[in-house]
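Thank you for making room on the agenda this morning. I would like to walk you through one structure, slowly, and I will explain the terms as they come up.

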Amino acid sequence: MKKVLAFAGSTSSTSINKQLVAHTANQLKNVDFNVIDLNDFEVPIFSETLEKEIDYPQGATKFNELLDAYDGFIVSLAEHNGSYAAAFKNLFDWVSRKNREVFRNKPILLMATSPGGRGGATVLATALTTFPHMGAKVAGSFSLPKFYDNFKEGVLLNDEYVKKLTKEIIEFEKALN
């Protein structure tokens, strides 16, 4: 059985992206999955100077090992000022120093959500452009605007978004095989 690693590009304890990624992973059929929290992968702020001074951070080592162990990924990105959350970007800066193809040429379902009407569209567009250069085989993407209007108590409410997400999940599952 294929294994999928799911996570939000956020360290917020109330992350709406983590809620979305957990909901999405639960929709997978005939796939084992784990939803992880980026808070479990502590790393110092990346710099080339620090990289020369210290050993490779344990948090980055643990995360790299997980990326090797799974067949695909579901990632929902938080948007901070139109870009990746700092904690997410920092972890990926460290991880890429050991393996430039961070996503190991495996399928990925990229998502974003936000309380606003654009649903993290800017960070999602950035990821769709840059992640393939980091070894991601993008098998689908999904943006959920107005999270608090469209998602309650672990359920996606809007039929249009349910259909769109279901389509993307099906494409992602196909790419896993």
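I will begin with how the model is read, and then turn to the cores, one helix, and the empty spaces.

What you see is a predicted model, in which local features need pLDDT of at least 70 and side-chain atom pairs count only at pLDDT 80 or more, whereas totals for chains, interfaces and linings use all residues. Residues are numbered from 1 along each chain as its sequence is written, and side-chain values use heavy atoms, with hydrogens and water left out.

Let me start with the interior. The largest nonpolar core, meaning a set of buried Ala, Val, Leu, Ile, Met, Phe, Trp, Tyr and Cys residues joined through side-chain atoms within 4.5 Å, has 32 residues, and those with the most contacts inside it are F7, F63, L77, F103 and F131. Buried here means under 20% relative accessible area, calculated with a 1.4 Å probe on protein chains only. Among the elements that each supply at least two residues of this core are strand 1 (2-9), helix 3 (58-69) and helix 4 (86-96), and the largest share, 5 residues, comes from helix 4. Helices (H or I, at least four residues) and strands (E, at least two) are DSSP runs, numbered from the N terminus. Apart from this core lies another, of 22 residues, which includes V4, L165, F172 and L176.

Next, helix 5, residues 121-130, where V123, L124 and A127 are buried. Seen down the helix axis, these buried residues fall within an arc of 100 degrees, taken from the directions from the axis to the C-beta atoms, so they line one face of helix 5. Their cover includes strand 3 (72-77) and strand 7 (136-144), with contact meaning heavy atoms within 4.5 Å.

Finally, which residues line the largest pocket? They are H23, Q27, K29, L156, V162, L165, T166, I169, I170 and E173, and the largest share of them, 6 residues, comes from helix 7 (residues 159-176). A pocket is an open set of points on a 1 Å grid over the protein atoms alone, with protein on both sides within 12 Å along at least five of seven lines, and lining residues have an atom within 4 Å of a point. The volume, the space filled by probe spheres set on points joined across faces, edges and corners, is about 150 Å³. H23, found in helix 1 (residues 16-26), is buried, with a relative accessible area of 14%. Leaving aside neighbours within four places in sequence, H23 is in contact with F151, G154, L156 and L165.

Key: On a 1 Å grid over the protein atoms alone, a cavity is a set of points where a 1.4 Å probe fits but cannot get out, and a pocket is an open set with protein on both sides within 12 Å along at least five of seven lines; lining residues have an atom within 4 Å of a point. Buried means under 20% relative accessible area, exposed over 50%, partly exposed in between (1.4 Å probe, protein chains only).
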